[in-house]
Amino acid sequence: IKKIQVAKLFVHGTADEKAPFQLSEFAYSISTDPKELIAIRDGIHAFKSQPEQLNEATEKSIKWLQKYF
């Protein structure tokens, strides 16, 4: 991930128990710019049964995509 030279987006729920949020924090910390980490507060893995968190993740991801692509 350190050698990837394209824009990177990390979207992660802070309450994810399957893949802890710290994994995205670590990946973000070793990534080169441009990069962005979107933390979805209280989001669980894949935002299952969490329409508000899923909508937030989707909207923020779309904005990021529009910025870089």
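1. Let's start with the order of the elements: along the sequence, the protein chain runs β-α-β-α. That adds up to 2 helices and 2 strands. Please keep in mind that you are looking at a predicted model.

2. What about the overall dimensions? Measured out along the principal axes, the C-alpha atoms of the protein chain occupy a box of roughly 35 × 25 × 15 Å. The radius of gyration is 12 Å, which agrees with the value near 11 Å that a compact globule of 69 residues would have.

3. Now for the contacts along the chain. Among contacts with a separation of 6 or more, 58% join residues that are 24 or more positions apart. As for burial, 30% of the 69 residues count as buried.

4. The surface is worth a look too. The protein chain exposes about 4900 Å², and carbon and sulfur atoms supply 55% of that area. For charges, there are 10 positive and 9 negative side chains, and the centres of these two sets are 8 Å apart.

5. Helix H1, residues 21-30, makes a nice exercise. Which residues of helix H1 are buried? They are Phe 21, Ser 24 and Ala 27. These residues cover an arc of only 125° around the axis, so they sit on the same side of H1. The numbering fits a simple rule: an α-helix has 3.6 residues a turn, so residues three or four places apart point the same way.

6. Try turning H1 around in your viewer. On the other side of H1, the exposed residues are Gln 22, Leu 23 and Phe 26. The buried residues of H1, for their part, pack against strand S1 (8-13) and S2.

7. Finally, find Arg 41, which lies in the loop between strand S2 (35-40) and helix H2 (51-68). Is Arg 41 buried or exposed? Its relative accessible area is 67%, and exposed means over 50%, so Arg 41 is exposed. Exposed does not rule out contacts here: setting aside neighbours within four places in sequence, Arg 41 touches Thr 14 and Gln 53.

8. One last distance links the loop back to helix H1. Ala 27, one of the buried residues of H1, is 14 residues from Arg 41 along the chain, and their C-alpha atoms are separated by 18 Å. You can select both residues and see this for yourself: Ala 27 is buried, whereas Arg 41 is exposed.

Methods:
Residues numbered from 1 in each chain as written. Predicted model: local features only at pLDDT ≥ 70, side-chain atom pairs only at ≥ 80, totals over all residues. Heavy atoms only, no water. Helix = DSSP H or I, 4+ residues; strand = E, 2+ residues; numbered from the N terminus. Buried < 20%, exposed > 50% of the residue type's maximum accessible area, 1.4 Å probe, protein only. Contact = heavy atoms within 4.5 Å. Rg over C-alpha atoms; globule rule 2.2 N^0.38 Å. Areas by Shrake-Rupley, 256 points an atom, 1.4 Å probe, with all protein chains shown as cover. Lys, Arg positive; Asp, Glu negative; His and termini not counted. Charge placed at Lys NZ, Arg CZ, Asp CG, Glu CD. Arc of directions from axis to C-beta.
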